[in-house]
Amino acid sequence: MIHQELVDFLKGQGVCDICQLRYLKARGNEYRDLKESFEKLNVKYETDSSETLYKKPKLEVCPCCLGLFSHSFQSLLIERILKTDIQKFECDDIVVAICMPMLVQTRQLSMWYALLEKFGTQIEKERAPDVPLKEAVKLIINPIICKELKKKYEPNGNGIMINIQLSHSLEEENLKQLKQLHEKAFPTPPNAKRQPVSRGVLEKQYTPKRLKPELFQEFFPIPPPTVDDILSLESMELTGPTVFVAGRYRKITREMSHTPWVLNGKRIMEDSIEEIIIKSVAPYFCNDTTKVIFMSSGREDVDVRCLGKGRPFVLEIPNSVHTTLPVTEAYRMECEIDKSLKLSVRNLQMVNREELVHIKSGEEQKKKYYRALCKLRDPATIDLLRKLDLPEGFEIQQKTPIRVLHRRPLHTRPRTIFKMKAWVHQNDTRLLVLDVVSQAGTYIKELVHGEFGRTTPSVSSIIEQPVDILALDVLAIDLDWPKEIDNGIGQETK
């Protein structure tokens, strides 16, 4: 097909210059200098286009984009964005998401039928002849917004999200006609649930290959006529990026749950690790802390302390106004958590989404170091201590403990005990201090007492007598993440 013929036809239908280029499959920077782009395609360019079209209030609106690419609409868009509180976000990247009425898709299809009628086999039936509106928005409108706001476009979606909802005065009538067309074109089999007309259905099912133009024309004109009203900006919502804050916590109490503990609608404990950390960290980043997600590398029981360097954790914070964490703020947060006298946090820092793999990766391979205070039935002997001196380790088979069956499936899991050593408490020969290095995911309490044979072998079965566990501490977690930083350096002198 000759480009000039296509442009002449589109121009005759009132199609704007930008949309003409879309039907010429323009890409990238080709939308920035219209005259140059048309000339490269050997198309005559006349300056009676969309650049001036919408400055004249009585001229007709492009039947394809309904004024989306007009200068007046772009000016309105910029004006509305600048009136928002976008400046509160500490972020240089933006993402623009524009939701358009289905009227636009219907008109795109109508123009597709018109081109088939005019140019026959030179137009494909399966592939839309124009650059899709969503892609055109990225190529045309996004760069303009970025330039005006002095920000960068973030294609991966982790910048300030500007959600724009557009509407049109003809949309209600369009939806009524679409419903009638849908019922006739795609009748529902008996007893089957009717699939409603949606943007996705329009995109997948409404093509010239699946829908005859004669049927389409019963409900919609071909080609689409020009209209008087351009698209209206119905609403605009700004959402900040999602950020991730990592650190290590030390739990120094034996009376605090990992997450809020509610039983039969009643709160069991006043605080939880999750709540204390979120309460001290999240308000700096966002107003709604209920959406913050707390993740950690494993968890300890309510009555188990976590000492040493602590347990790695990360907060996923959506709609954040900040994308950096100054050292002074991090230190203030750490000090605030310390005041709880139950929890201590260090190494607070921002991390990238990609680093979250450290929290979940290697769950089966990582080593964890424990110290348990155990009580024997009979006083300890040299022979008993020798039985528990196992520097080479051993394998166990461990069924899911009864105490966690309400939240974990019943399985028998093989686990590796890498090392074990015991010694007698200096004040009581029936008290045993047991150091264990185990594979992550091992239930240490059940390793000690055996839980009626559900863990085999166990400390109890090895020494052939009952053993109770009185206290348990996590001494170390073999995960070198996040990096060690001292937010307190130089803070005390300020």
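**Exercises on a predicted protein model**

Q20 is located in helix 2 (residues 17-23). The exercises below concern a predicted model, and each is followed by a worked solution.

**Exercise 1.** Determine whether Q20 is buried or exposed, and identify which residues Q20 contacts beyond its neighbours within four places in sequence.

*Solution.* Begin with the accessibility. The relative accessibility of Q20 is 2%, and a residue counts as buried under 20%; Q20 is therefore buried. Next, consider the contacts. With neighbours within four places in sequence left aside, Q20 is in contact with V7, L10, K11, V15 and F38.

**Exercise 2.** Establish where L10 lies, and how far apart L10 and Q20 are in sequence and in space.

*Solution.* Locate the residue first: L10 belongs to helix 1 (residues 3-12). Along the sequence, L10 and Q20 are 10 residues apart, while their C-alpha atoms are 6.6 Å apart in space. L10 is buried, because its relative accessible area is 0%. Then list the partners: not counting residues up to four places away in sequence, L10 touches V15, Q20, Y23, M111 and L115.

**Exercise 3.** State which residues of helix 1 are buried and what covers them.

*Solution.* The buried residues in helix 1 are Q4, L6, V7, F9 and L10. Their cover includes helix 2, helix 3 (34-40) and helix 6. Finally, inspect the backbone beyond the helix: G14, just after helix 1, adopts a positive phi of about 85 degrees.

**Exercise 4.** For helix 6 and helix 8, give the packing angle and the distance between the axes, and classify the arrangement.

*Solution.* The axes of helix 6 and helix 8 (residues 171-185) lie 9 Å apart, and the helices pack at an angle of about 60 degrees. Angles under 35 degrees count as roughly parallel, and the roughly perpendicular range is 65 to 115. The two helices are therefore oblique to each other. As to handedness, the crossing of helix 6 and helix 8 is left-handed. At the residue level, M102, L103 and T106 in helix 6 meet E171, N174, L175 and L178 in helix 8.

**Exercise 5.** Describe how helix 11 crosses helix 12, and name the residues that meet.

*Solution.* The axes of helix 11 and helix 12 (residues 327-338) come within 9 Å and cross at roughly 140 degrees. The crossing of helix 11 past helix 12 is right-handed. On the side of helix 11, the residues involved are I276, I277, K279, S280 and V281; they meet R332, M333, E336 and I337 in helix 12.

**Exercise 6.** Identify which residues touch the most other members of the largest nonpolar core, and which helix gives the most to that core.

*Solution.* The largest nonpolar core has 79 residues, and L68 and F69 touch the most other members. The helix giving the most to this core is helix 6 (residues 102-119), with 11 residues. Take F69 in detail: leaving aside neighbours within four places in sequence, F69 is in contact with I18, C19, R22, Q74, L133, A136, V137, I140 and I141. Apart from this core lies another, of 36 residues, including A380, I417, V436 and I477.

**Exercise 7.** Find where confidence is lowest and where it is highest in the protein chain.

*Solution.* Start with the whole chain: its mean pLDDT is 91, and 95% of its residues reach 70 or more. Confidence is lowest in helix 4 (residues 50-53), at a mean of 43, and highest in helix 11 (residues 273-281), at 98. Over residues 49-58, the pLDDT is below 50, and this stretch has 18 contacts in the model beyond near neighbours in sequence.

Definitions and conventions: Residues are numbered from 1 along each chain as its sequence is written. This is a predicted model: local features need pLDDT of at least 70, side-chain atom pairs count only at pLDDT 80 or more; totals for chains, interfaces and linings use all residues. Side-chain values use heavy atoms; hydrogens and water are left out. pLDDT is the predictor's confidence in each residue, from 0 to 100. Helices (H or I, at least four residues) and strands (E, at least two) are DSSP runs, numbered from the N terminus. Contact means heavy atoms within 4.5 Å. A nonpolar core is a set of buried Ala, Val, Leu, Ile, Met, Phe, Trp, Tyr and Cys residues joined through side-chain atoms within 4.5 Å. Buried means under 20% relative accessible area, exposed over 50%, partly exposed in between (1.4 Å probe, protein chains only). Axes are lines fitted to C-alpha atoms, for helices over the stretch in contact, and angles run from 0 to 180 degrees between N-to-C directions. Angles under 35 degrees count as roughly parallel, over 145 as roughly antiparallel, 65 to 115 as roughly perpendicular and the rest as oblique. A crossing is left-handed if the near helix is turned anticlockwise from the far one by less than a right angle, and right-handed if clockwise.
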